[in-house]
Amino acid sequence: MDKNNRFNNALDIISRDTVQIADDLQHMLAVDTCFPPGSGYEAFADLLTQMLTPLQFDFQRVSVPEALWQAPDDSAQGERINLIATHKSGAAENCNLYFHTDTVPAGDGWRFPPLALTEAEGRLYGRGAADMKGTIVAAMAAIRAAQACGLPLRFNPVFLLCTDEEGGLYPGIRYLAEKQLFSGHLLSFNGGAVPRIWAGCFGSIDLKVIVRGRSAHSGDPLAGINAIETALPLMNALYALKEQVEQRISAMPPPPHYEGKPLTSLLTLAAVHGGSKGSTIPERFELLINRRYAPEEAFDAVWQELTSCISQAMAESCALDVSVQLIGHLAPVADPYGPHWPRWQAALSQGFGFADDAFKPWGSSTSSDMGWVQQAGIQEILLGGLARPDNRIHAANEFTTMTDLIALSQSILAYLANDFQPTQGS
């Protein structure tokens with residue numbers, strides 16, 4: 001069989017592999033890996049080891065030391081097991097395929113069971129279907145098709161199945177990168193089914209402020225210190241800082257839906273909690289702040305600005321204690337373009353049918369754990385995935401489609417296969 005026929009046969013195998021693709025996705029969705037708390041990583045590593053063994057992979061389990069990932073609020077629980085699955089193709093150069101194995105919690109409002117696969121309305125529903133267990137399924141289908149056709153690979157695929165992308169202090173990919181446990185370029189599937197050249201993204205800081213007062217009966221409050229009311233100057237100061245922060249414009253090109261408006265730094269008062277009932281003066285008030293910072297900003301300066309705002313606002317407070325906790329941090333990603341991008345663009349066009357001139361560079365004020373990979377010395381990071389504006393990632397009734405799973409799988413196959421020869425690029 002000549003190269004073209006062999007390659008086209010592998011593409012066809014993927015398009016007819018729908019039963020196995022759905023079955024694989026069903027098994028992955030059934031394992032609860034939500035963060036917080038992230039207690040399902042071991043079970044998911046067991047499942048993936050079982051599923052990948054017939055596809056000729058070797059395995060290494062790497063646990064992140066608890067001292068690195070345990071947040072002050074104890075939101076993270078369970079061993080942080082990261083699975084490195086290395087294929088035995090024998091290709092000289094590795095391509096590291098990155099997947100985060102955690103999801104956000106299922107949440108309320110589902111029409112279908114969130115931890116199961118439901119095929120309805122031409123969609124595949126379930127928590128993690130698009131973000132991002134479906135991408136693992138697509139990559140497995142690509143390897144399965146290559147193996148069935150005896151298709152030689154240009155790059156040896158290494159699956160990096162990692163913890164704590166959805167939050168936390170120390171994502172698994174950061175630990176793997178800093179310990180130099182993989183080599184070669186990296187393809188992240190934390191992106192979308194769009195003709196995008198990734199131009200980077202913002203960093204993200206989650207900071208919790210805890211204000212402690214003194215409880216008392218609300219009908220006899222003389223001995224009490226109302227933690228919520230005591231925190232009002234803090235809320236006002238942070239809201240004023242928000243207005244300043246969001247005037248800062250990044251040079252990163254904005255996504256198309258911004259319609260020409262620039263990307264700016266962001267500060268969000270994201271969550272509050274305090275008090276229990278009307279008859280009690282609240283003893284404790286918690287405020288969660290999210291700060292998105294551009295690659296042009298330095299973490300130390302951002303942190304200093306936030307903590308100074310807090311300390312100045314509460315300097316004359318009657319609160320018994322004010323504490324500040326860093327509970328989550330993702331570093332920004334600077335421009336990740338590199339020599340492998342033209343081939344990946346051609347591979348995406350092969351799978352999704354994108355026109356060559358459809359590809360545009362843009363960044364995002366959302367965040368990624370790929371910033372830690374860059375800080376560990378790997379600059380070039382390719383990006384793909386299943387995300388679309390309407391598939392409800394992080395919301396109830398998250399879904400992907402079989403069409404997108406097949407298209408992504410065919411893109412991965414094209415990129416990895418030696419027989420794929422794009423007219424442009426490497």
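Biologist: Of the contacts in the protein with a separation of 6 or more, what percentage comes from residues 24 or more positions apart?

Modeller: Contact means heavy atoms within 4.5 Å, and residues 24 or more positions apart supply 82% of those contacts. Before we go on, please note that this is a predicted model, where local features need pLDDT of at least 70 and side-chain atom pairs count only at pLDDT 80 or more, while totals for chains, interfaces and linings use all residues. Residues are numbered from 1 along each chain as its sequence is written, and side-chain values use heavy atoms, with hydrogens and water left out.

Biologist: How many helices and strands does the protein have?

Modeller: There are 12 helices and 17 strands. Both are DSSP runs numbered from the N terminus: helices are H or I with at least four residues, and strands are E with at least two.

Biologist: What makes the protein as compact as a globular protein of its length?

Modeller: Its radius of gyration is 23 Å, close to the 22 Å that the globule rule gives for 426 residues, so the description fits. The radius is taken over C-alpha atoms, and the rule is 2.2 Å times the number of residues to the power 0.38. Those C-alpha atoms fill a box of roughly 90 × 40 × 40 Å along the principal axes.

Biologist: How do you know that the length of helix α5 agrees with its 17 residues?

Modeller: The expected span is 1.5 Å times one less than the number of residues. For residues 133-149 that gives 24 Å, and the end C-alpha atoms are 25 Å apart, which agrees. Just after α5, Gly150 takes a positive phi of about 65°.

Biologist: Why is α5 called largely enclosed by the rest of the structure?

Modeller: Buried means under 20% relative accessible area, exposed over 50%, and partly exposed in between, using a 1.4 Å probe and protein chains only. In α5, 15 of the 17 residues are buried, so the phrase is earned.

Biologist: Why is Leu405 called buried?

Modeller: Its relative accessibility is 1%, so Leu405 counts as buried. Leu405 sits in helix α12 (residues 402-416), and its contacts beyond four places in sequence include Gly134 and Ala138.

Biologist: How do you know that Glu165 has no salt bridge?

Modeller: A salt bridge needs a side-chain nitrogen of Lys or Arg within 4 Å of a carboxyl oxygen of Asp or Glu. Lys and Arg count as positive, Asp and Glu as negative, with His and the chain ends not counted. The nearest side chain of opposite charge to the buried Glu165 is Arg292, 8.3 Å away. Glu165 lies in the loop between β6 (155-162) and α6 (172-178), and among the residues it touches are Tyr98, His100 and Asp102.

Biologist: What makes Gln56 and Gln180 worth a look, judging by phi?

Modeller: Most residues other than glycine have a negative phi, and most peptide bonds are trans. Gln56 has a positive phi near 70°, and Gln180 has one of about 55°. At 40% relative accessibility, Gln56 counts as partly exposed, whereas Gln180, at 68%, counts as exposed.

Biologist: Which residues does the cis peptide bond before Pro36 join?

Modeller: That bond joins Phe35 and Pro36, with omega about -5°, and Pro36 lies in the loop between α2 (18-29) and α3 (41-52). The peptide bond from Asp131 to Met132 is also cis, with omega near -5°.
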